[in-house]
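Here is a walk through one protein chain. Keep the structure open and follow each stop in turn.

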Amino acid sequence: MTGRNQTTISEFLLLGLPIKSEHQNLFYTLFLAMYVTTVLGNLLILVLICLDPHLHTPMYLFLSNLSFSDLCFSSVTMPKLLQNMQSQDLSIPYAGCLTQMYFFLFFADLEDFLLVAMAYDRYVAICFPLHYTTIMSPRLCLFLVLLPWILTTFHAMLHTLLMARLHFCEDNVIPHFFCDSSALLKLSCSDTRVNELVIFFVGGLIIIIPFLLIIMSYARIVSSILKVPSAKGICKAFSTCGSHLTVVSLFYGTIIGLYLCPSAHNSTVKETVMSMMYTVVAPMLNPFIYSLRNRDMKGALRRVFCKKKNAFSL
């Protein structure tokens, strides 16, 4: 790589989505609506959990953190995508690109670990219902919330610092709608073997270990249900775990398909569409999954609106 031009670049160009110019406004409206829905839906969950004392439980502590993570995760990429779709300036500064990459990794990892904490919470609730309050103590809940924030901070910082040591030459065009680490590595004119090894081993562990822990939690749940099979127990388990399982399937399904099961025939368009699934679609759907399938959230919504209505009537 020494033969390439070593001029250091100061900005990158994000090509964005492969959309024809005549469809640009239509997709802009669609993505804007999706982003607004994501923001309002996750904010609603955060407000309801804060205002309703009935939701001050471990499960909703984890859900509030997940909603905050979804809100921020979508906000890392969507505003820049929407801006680029309405302007001819596709550039993003070098520092801005690394910052976007850091927060993208941070909130993606945070959601990953929070899903594990929620799976453990469901495991304790179903397998040890009589000891639930004892096991899920405030101290343990605080630990299960703080640990993901700490781990994701170091993991995202590791990848960002490794990326910052690389040199980028004359090619600064990123065929993506955000600063994806794999796309940046392809543009670098430095030796990227260390970065690739860290992504393969550390990044793989960040995805695989939480996924296996979730599988283990649900295997224990299924085993516990089968020991005392009853229609009531099965219905209760599905109502308790259904929302979480749906979110896990949506999140891990796209990530595993994109990163752990790569194909030589994967086109840039296919990778971009799959990235849209877990960066835009999943954060938008999560509030609907948890609110529409959750009686506690529906009850909290009714109580909050009744309080507001009574306050205005006075």
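The text below goes from the overall fold to single helices, then to residue contacts and charged pairs.

The model is a predicted one. Its chain has 314 residues, of which 48% count as buried. The secondary structure comes to ten helices and three strands. Read along the sequence, the order is β-α-α-β-α-α-α-β-α-α-α-α-α. Contacts reach far along the chain. Take those with a separation of 6 or more: residues 24 or more positions apart account for 80% of them.

A record adds another layer. The unreviewed UniProt entry carries the annotation "transmembrane region" for residues 26-48, 101-120, 140-158, 197-216, 237-260 and 272-292. Two of these ranges can be set against the model. Residues 140-158 are 100% helix and 0% strand, with the end C-alpha atoms 27 Å apart. Residues 197-216 also come out as 100% helix and 0% strand, and here the end C-alpha atoms are 27 Å apart.

Start with helix α1. How far apart are its end C-alpha atoms? They are 40 Å apart, which agrees with the 40 Å that 28 residues should span at 1.5 Å a residue. The buried residues of α1 include the aromatic pair Phe 31 and Tyr 35. Met 34, Thr 38, Val 39, Gly 41 and Asn 42 are buried as well. So are Ile 45, Leu 46, Leu 48 and Ile 49.

Now move to helix α7, residues 193-227. It has 35 residues and reaches 50 Å from its first C-alpha to its last. That is close to the 51 Å expected at 1.5 Å a residue. Where does α7 bend? The bend is at Leu 205 and comes to about 30°. Gly 203, Gly 204, Ile 206 and Ile 207 are among the buried residues of α7. Others on that list include Asn 195, Val 198, Pro 210 and Ile 214. Ser 217, Tyr 218, Ile 221 and Ile 225 are buried too.

Next comes a contact between two helices. Val 76 lies in helix α2, and Gln 100 lies in helix α3, residues 94-127. Is Gln 100 buried or exposed? At 6% relative accessibility, Gln 100 counts as buried. Val 76 counts as buried at 15%. A polar atom of the Gln 100 side chain lies 3.1 Å from the backbone oxygen of Val 76. Beyond its neighbours within four places in sequence, Gln 100 touches Val 76, Thr 77, Lys 80, Ile 92, Phe 178 and Cys 179. With the same kind of neighbours set aside, Val 76 is in contact with Gln 100, Phe 103, Phe 104 and Phe 107. The C-alpha atoms of Val 76 and Met 101 are 8.7 Å apart, with their positions 25 residues apart in sequence.

Leu 185 offers another view of α7. This residue lies in helix α6, residues 181-187. At 10% relative accessibility, Leu 185 counts as buried. Leaving out residues up to four places away in sequence, Leu 185 touches Met 163, Leu 166, Thr 192, Asn 195, Glu 196 and Ile 199. Asn 195 is one of the buried residues of α7. Its C-alpha atom is 8.1 Å from that of Leu 185, ten residues away along the chain.

Last, the charges. Side chains of opposite charge can pair when their charged atoms come close. How many salt bridges does a search of the whole structure find? It finds three.

One is between Asp 52 and Arg 303, with the closest N and O atoms 2.8 Å apart. This pair links distant parts of the chain, 251 residues apart. Asp 52 sits in the loop between α1 and α2, while Arg 303 is in helix α10, residues 295-313. Asp 52 counts as buried, at 3% relative accessibility. Arg 303 counts as partly exposed, at 31%.

Another salt bridge joins Asp 121 to Arg 122, and its closest N and O atoms are 2.5 Å apart. Asp 121 is buried, with a relative accessible area of 1%. Arg 122 also counts as buried, at 9%.

The remaining salt bridge pairs Arg 193 with Asp 191, the closest N and O atoms being 2.6 Å apart. Arg 193 is exposed, with a relative accessible area of 57%. Asp 191 counts as partly exposed, at 41%.

Note on methods. Residues numbered from 1 in each chain as written. Predicted model: local features only at pLDDT ≥ 70, side-chain atom pairs only at ≥ 80, totals over all residues. Heavy atoms only, no water. Helix = DSSP H or I, 4+ residues; strand = E, 2+ residues; numbered from the N terminus. Expected span 1.5 Å × (residues − 1). Bend = angle between axes of the 7 residues up to and from the residue. Buried < 20%, exposed > 50% of the residue type's maximum accessible area, 1.4 Å probe, protein only. Salt bridge = Lys/Arg side-chain N within 4 Å of Asp/Glu carboxyl O. Polar contact = N/O pair within 3.5 Å; in protein donor to acceptor, adjacent residues only side chain to side chain. Contact = heavy atoms within 4.5 Å. UniProt positions renumbered as here; feature names shortened; annotations may be inferred.
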